[in-house]
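Student: I am new to this structure. Please take a close look at the ligand and the residues around it.

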Amino acid sequence: TAEMFPKEKTIDLRKKHIGPSCKVFFSHDPIKIVRAKGQYMYDENGVRYLDCINNVAHVGHSHPMVVKAGAEQMELLNTNSRFLHDNLVQYAQRLQATLPEKLSVCYFVNSGSEANDLALRLAWEYTGHKDVITLDNAYHGHVSSLINISPYKFHQLANAEQSKSVHVALSPDLYRGNYRQDHPDPATAYADDVNNLIQKAHEKGHKVAAFIAESLQSCGGQVIPPAGYFQKVAQHVHQAGGLFIADEVQVGFGRVGTHFWAFQLQGEDFVPDIVTMGKPIGNGHPMSCVVTTREVAEAFKNSGMEYFNTVRGLATKWLHKPSNGSDCDDVMSDRGRGLFVGAELVRDRVKLTPATAEAQDIIYKLKEQHILLSADGPHRNVLKFKPPMCFSEEDADMVVEKIDQILTGTRNAPLSFLALAPSPQSLWHSQI
Ligand code: PMP
């Protein structure tokens with residue numbers, strides 16, 4: 001066994017030496033994970049859990065090809081990206097082949113946060129402007145520059161002060177947002193909100209460097225923007241001299257099933273100016289990437305500051321084939337694409353009162369059945385599925401079945417889930 005200490009001691013040592021703001025999953029009854037393989041994680045007693053949480057283990061935990069490539073490379077060379085090496089250029093070439101042609105220049109970095117921070121620097125340098133427009137409830141990373149543009153984080157602080165150069169646009173949420181399914185043209189309405197922010201910034205003498213958004217919002221509550229929204233936003237932002245940054249840290253690399261990149265869901269005619277990628281690129285190892293156009297990269301170079309980094313040029317591989325989406329058709333709700341699915345729980349279908357405690361209850365009950373799931377969104381009432389990509393149809397069936405059972409049980413209990421959907425199955429087919 002890979003267990004070094006009894007569980008109680010691990011908990012005590014964690015309390016003593018690990019920063020308390022790093023909250024453990026299932027804090028009322030934490031689990032200890034000693035190994036993982038594919039879509040499964042194992043605790044110290046060998047109990048197997050089905051993992052619906054770890055998106056960064058993109059091609060599966062401890063994938064043999066990744067382990068082998070990593071070990072071989074570590075034995076051979078681990079050095080700075082300022083030496084010539086074929087891996088680096090070949091990797092960039094292969095990555096480029098998955099992207100629209102104009103996105104051709106790569107910067108390899110270590111984390112999603114580092115990628116987004118660099119993306120901001122590229123935009124500031126290229127445009128000479130300072131302001132950033134971000135979406136409500138967005139999370140883009142944990143470094144200072146990104147907390148500034150992450151309402152998901154800065155809204156949590158009682159005395160939070162929003163930077164004057166950051167503007168928060170409406171989340172393009174068709175379920176709970178300002179413009180919903182019944183609106184005749186939500187894409188235009190939400191894009192107009194971005195344009196209003198641009199005009200207001202101009203009135204104050206500010207200029208917009210970038211609009212940044214996840215191609216599908218994750219922490220924001222698994223929000224799928226209406227098609228055409230990004231094109232319209234890009235038009236407004238470009239007109240103001242700014243750039244469009246697509247954060248694909250969570251949703252890139254085929255997670256959405258039908259396309260390799262989630263921004264492609266918006267249509268062939270949409271290409272961001274900068275795309276940021278995160279740890280799924282290295283199956284969870286500290287590696288990430290920023291891809292941009294030649295023009296933006298040249299402007300950054302002309303700023304005179306040299307850019308280099310010690311990212312490990314491991315021969316980490318990912319499977320190029322996006323999942324065909326059919327694997328999880330039966331767990332697709334309106335809020336899901338591929339293996340990125342959200343199910344929002346409400347107590348009242350009219351008022352949309354968030355069923356936050358109930359979502360937690362489901363998560364704990366699933367854990368008892370050895371399924372690991374988390375909840376997110378501004379109200380923490382969105383059950384969030386982003387499992388490793390080797391998640392199978394049988395796995396999906398099992399999770400749906402268990403949730404059905406839990407919902408059925410809960411609905412029979414007085415006072416709980418008074419206004420859930422008529423059939424538990426509809427959880428997956430419509431938003432309850
Ligand atoms: N952007 C998004 C959308 C994220 O979800 C995250 C974290 N998973 C980040 C950026 C930051 O990535 P990292 O934790 O690798 O710094």
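Tutor: What follows goes through the surroundings of the ligand and then turns to one helix. The model is predicted.

The ligand has 13 residues around it, and those that come nearest are G112, S113, D247, Q250 and K279. By kind, the shell divides into eight polar residues, three charged and two nonpolar. Helix α4, which runs over residues 112–127, gives the most to this shell, with three residues.

Three side chains can be followed atom by atom. In S113, an N or O atom of the side chain is 2.6 Å from an oxygen atom of the ligand. The side chain of D247 has an N or O atom 2.8 Å from a nitrogen atom of the ligand. For K279, the distance between an N or O atom of the side chain and an oxygen atom of the ligand is 2.9 Å. On its own the ligand has 390 Å² of accessible area, and the protein covers 85% of that.

Helix α3, residues 86–96, can be read by its two sides. Its residues Y91, A92, L95 and Q96 are buried. Seen down the helix axis, the buried residues of α3 fall within an arc of 130°, so they line one face. These buried residues pack against three strands: β4 (105–109), β9 (274–277) and β10 (288–292). The face of α3 turned away from the buried side carries D86, V89 and Q93, which are exposed.

Methods: Residues are numbered from 1 along each chain as its sequence is written. This is a predicted model: local features need pLDDT of at least 70, side-chain atom pairs count only at pLDDT 80 or more; totals for chains, interfaces and linings use all residues. Side-chain values use heavy atoms; hydrogens and water are left out. A residue is near a molecule or strand if one of its heavy atoms lies within 4 Å of it. A polar contact is a pair of N or O atoms within 3.5 Å; within protein, one must be able to donate a hydrogen and the other to accept it, and residues adjacent in sequence count only if both atoms are side-chain atoms. Accessible areas come from the Shrake-Rupley method with a 1.4 Å probe; for residues, only the protein chains shown count as cover. Helices (H or I, at least four residues) and strands (E, at least two) are DSSP runs, numbered from the N terminus. Ala, Val, Leu, Ile, Met, Phe, Trp, Tyr, Cys and Pro count as nonpolar, Asp, Glu, Lys and Arg as charged, and the others, Gly among them, as polar. Buried means under 20% relative accessible area, exposed over 50%, partly exposed in between (1.4 Å probe, protein chains only). The arc is that of the directions from the helix axis to the C-beta atoms. Contact means heavy atoms within 4.5 Å.
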